Amino acid sequence: MAKILVIEDEASVRENILDLLEAESFETLAAANGKIGLDLAVSEVPDLILCDLMMPNIDGYEVLKKLNLQANTATIPFIFLTARTAKADVRTGMDLGADDYLTKPFTRSELLSAIKSRLEKQKNNIKYTSNNQKKSDSFLPELQILKSCLLRTLAHRKLREFQAHYQPIVDTSSGLIVGAESLVRWQSSELGLISPGELIPLAESTGLIIPIGEWLIHNVCNQTKIWQDAGYKNFYATINISVNQLIQPDFVSKLLKSLVENDLHPSSLELEVTERMIGQDMNTAINRMQELRSHGLKLSIDDFGTGRCSLLHLKQLPIDTLKIDHYFIHNIDKDRQKSVITKGIVEMAHNLNLQVVAEGVETKAELNIVRALKFDKTQGYLLSHPLPVTEFEELLLTNVRLIA
Ligand code: G
Ligand code: MN
């Protein structure tokens, strides 16, 4: 059956079209933005592309222009989906070489008939070159294999392959679990377990961080609510957010939607951002953070101390928590300079009314210093590695004290 790529940034519209196509037994590929769409068009060479015109960053015109530049994608039938009825817009699209356009909202039969006639035409096209793209993956460099595999996974909506793991965040004085940092894991059916260290940079560079991030946020909201309902009312989860996510125009609204859908209070989520990412576009980042905080979400600076965030900047940042990077904790018991600097950071943070979390505590000796320096919360392999849901739940539900 024909393979159809749907490039549409609006999730509800995209899902509707995909459902409709799948009901007609088409094989489908889904892309949430132009960049993912282009990557998929190149790696999967679909039989037809349905593409939204108005999308942030790379819009439908841009997608079509780029497809036209490559021999193997230039001949794929291309149908614009547009909410615009202005003749000039349609004209621009057709001039670029689009085969057809559909004005939203369109009916099921309009969509199917446009698809059918394009596919027929393509079949009869003598110039049609069966371009067998899927040359053996073994010729591709490793990163390319990983990338096309990730694209395929998302395009086929095989989100089962992603999992959130949870690392306990422990109250340093009581030793009890008060929250957890969520960390995404990809258990690829093709490649096995992919570490976050490999997944995240790849997801960032391809734009796939957006759909993965949305999936994670939704999943974490859902799970957090389950644990709160099980009696851990003040339990909170943290989510690492990348700058690409933070600057999406609809980031805040989508996040709030996930909270509402799961009936979760905004203060049950803490978003972790890094100094480095705030540095990239300070004003936009701070505005966005302020907006999030005005809705009651918590914010923390992750890996604090490794970026270039001056201590003076901290005063301006709309945050609740500082997470002190592993680097400061590692061997803190053996390195007097480290402990002196760290002591100063903790005191300063407390004076600014911030909570302070020690990350990456691996030994008892490090933990002893962390307690002496009055870190509010502690994370690290000494207490627990990040765990899959069921294992984390076992720890949580037994009220285990991870610090004796
Ligand atoms: O940058 P961020 O702090 O979000 O990094 C979280 C990463 O740190 C996760 O991949 C997690 O597995 C890892 N991590 C958690 N605890 C420890 C620890 O005690 N030691 C080390 N080396 N890594 C840790
Ligand atoms: Mn983190």
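Colleague: How many residues surround ligand 1, and which are the closest?
Modeller: The model is a predicted one. In it, 14 residues surround ligand 1. The closest are Asp302, Asp303, Glu359, Glu362 and Tyr381.

Colleague: Which side chain has an N or O atom 2.9 Å from an oxygen atom of ligand 1?
Modeller: Polar side-chain atoms of two residues lie 3.0 Å from ligand 1: that of Gln167 from a nitrogen atom, and that of Glu181 from an oxygen atom. The distance of 2.9 Å, again to an oxygen atom of the ligand, belongs to the side chain of Asp303.

Colleague: What percentage of the area that ligand 1 exposes when taken alone does the protein bury?
Modeller: Taken alone, ligand 1 exposes 520 Å². Of that area, the protein buries 76%.

Colleague: Why do the buried residues of helix 11 lie on the same side of the helix?
Modeller: Helix 11 spans residues 251-261, and its buried residues are Phe251, Val252, Leu255, Ser258 and Leu259. In an α-helix, residues three or four places apart point the same way, because there are 3.6 residues a turn. The buried residues of helix 11 are on the same side because the arc they cover around the axis is only 125°.

Colleague: Which exposed residues does the opposite face of helix 11 carry, and against which elements do its buried residues pack?
Modeller: The buried residues of helix 11 pack against helix 9 (209-229), helix 10 (243-246), strand 10 (269-274) and helix 13 (282-294). The face turned away from the buried side carries the exposed residues Lys257 and Val260.

Colleague: Which residue with a positive phi follows helix 11?
Modeller: The phi in question is near 55°. The residue that follows helix 11 with this positive value is Asp263.

Key: Residues numbered from 1 in each chain as written. Chains lettered and ligands numbered in written order. Predicted model: local features only at pLDDT ≥ 70, side-chain atom pairs only at ≥ 80, totals over all residues. Heavy atoms only, no water. Buried < 20%, exposed > 50% of the residue type's maximum accessible area, 1.4 Å probe, protein only. Helix = DSSP H or I, 4+ residues; strand = E, 2+ residues; numbered from the N terminus. Arc of directions from axis to C-beta. Contact = heavy atoms within 4.5 Å. Near = heavy atom within 4 Å. Polar contact = N/O pair within 3.5 Å; in protein donor to acceptor, adjacent residues only side chain to side chain. Areas by Shrake-Rupley, 256 points an atom, 1.4 Å probe, with all protein chains shown as cover.
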